[in-house]
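Subject: Structure handover

Hello,

Please find the structure below, as agreed. My notes on what was found in it follow.

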Amino acid sequence: LANKCLDVDNAGTADGTKVQLYTCNTSAAQTWTRNGNTFRALGKCLDVSGGGSADRTKVQLWTCNTSGAQNWTPDSSSRLVNPVSGKCLDVSGNNSADSTVVHLWTCHTGANQRWTLP
């Protein structure tokens with residue numbers, strides 16, 4: 001969504017920290033690096049909670065562990081797909097407000113699943 005970034009809530013580094021949409025600010029909480037099929041910020045990985053596959057499954061920051069819950073494959077539509085679940089990284093409700101949760105959702109063509117990669 002325009003002028004918004006994938007953000008680690010309050011730059012927290014505890015396992016389970018919320019990943020959200022937030023106004024871009026170039027902070028470390030929004031500095032993501034790609035390492036193979038993982039995306040990392042603050043020394044941790046973008047992770048699907050419990051390796052879940054249901055719509056609305058929380059996406060969080062977690063210690064990198066090479067599990068399928070931390071694999072994200074970009075597709076030709078600029079979506080990030082978790083191959084284990086077959087679901088996409090999604091901004092809840094297509095809401096562009098700061099602090100909107102990011103979760104897993106069935107892949108579709110909406111703007112709330114399109115990402116510009118690092």
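Is K44 buried or exposed? K44 is buried, with a relative accessible area of 16%. Please keep in mind that this is a predicted model.

**Salt bridges**

K44 belongs to one of the four salt bridges that the structure holds. Its partner is D15, with N and O 2.9 Å apart. K44 sits in strand β5 and D15 in the loop between β1 and β2, so this pair links distant parts of the chain, 29 residues apart. Unlike K44, which is buried, D15 is partly exposed, with a relative accessible area of 34%.

Another of the salt bridges is formed by K4 and D98, whose closest N and O atoms are 2.7 Å apart. K4 lies in strand β1 and D98 in the loop between β9 and β10, so the pair ties together parts that are 94 residues apart in sequence. K4 is partly exposed, with a relative accessible area of 22%. D98 is also partly exposed, at 32%.

R79 and D75 meet in a salt bridge as well, at 2.8 Å from N to O. R79 counts as buried, its relative accessibility being 17%, while D75 counts as partly exposed at 24%. The cut-off matters here: R79 is classed as buried because its 17% falls under 20%, and D75 is not, because its 24% lies between 20% and 50%.

**Nonpolar core**

The largest nonpolar core has 20 residues. Those that touch the most other members are L6, W32, L46, W72, L89 and W115. Two or more residues of this core come from each of β1 (4-8), β2 (17-23), β4 (38-41), β5 (44-48), β6 (59-62), β9 (87-91) and β10 (100-105).

What is W115 in contact with, leaving aside its neighbours within four places in sequence? The contacts are L6, S78, L80, L89, V91 and V102. Two of these names, L6 and L89, also appear with W115 among the core residues that touch the most other members.

**Strand pairing**

Strand β2 pairs with β1, with β6 and with β10, in each case antiparallel. Five bridges join β1 to β2, and V8 has V19 in β2 as its bridge partner. Between β2 and β6 there are two bridges; here K18 is partnered by Q60 of β6. β2 and β10 are likewise joined by two bridges, and the partner of Q20 in β10 is V101.

β1 and β2 therefore appear in this pairing and also in the list of elements that give two or more residues to the core. As a general point, the side chains of a regular strand alternate between the two faces of the sheet.

**Backbone**

Most residues other than glycine have a negative phi. Which residues have a positive phi here although they are not glycine? R56 is one of them, with phi near 80°, and T66 is another, with phi of about 65°. R56 lies in the loop between β5 and β6, and T66 in the loop between β6 and β7 (73-74). Both are exposed: R56 has a relative accessible area of 61% and T66 one of 78%.

Regards

Notes: Residues numbered from 1 in each chain as written. Predicted model: local features only at pLDDT ≥ 70, side-chain atom pairs only at ≥ 80, totals over all residues. Heavy atoms only, no water. Core = buried A, V, L, I, M, F, W, Y, C linked by side-chain atoms within 4.5 Å. Buried < 20%, exposed > 50% of the residue type's maximum accessible area, 1.4 Å probe, protein only. Helix = DSSP H or I, 4+ residues; strand = E, 2+ residues; numbered from the N terminus. Contact = heavy atoms within 4.5 Å. Salt bridge = Lys/Arg side-chain N within 4 Å of Asp/Glu carboxyl O. Pairing = 2+ DSSP bridges.
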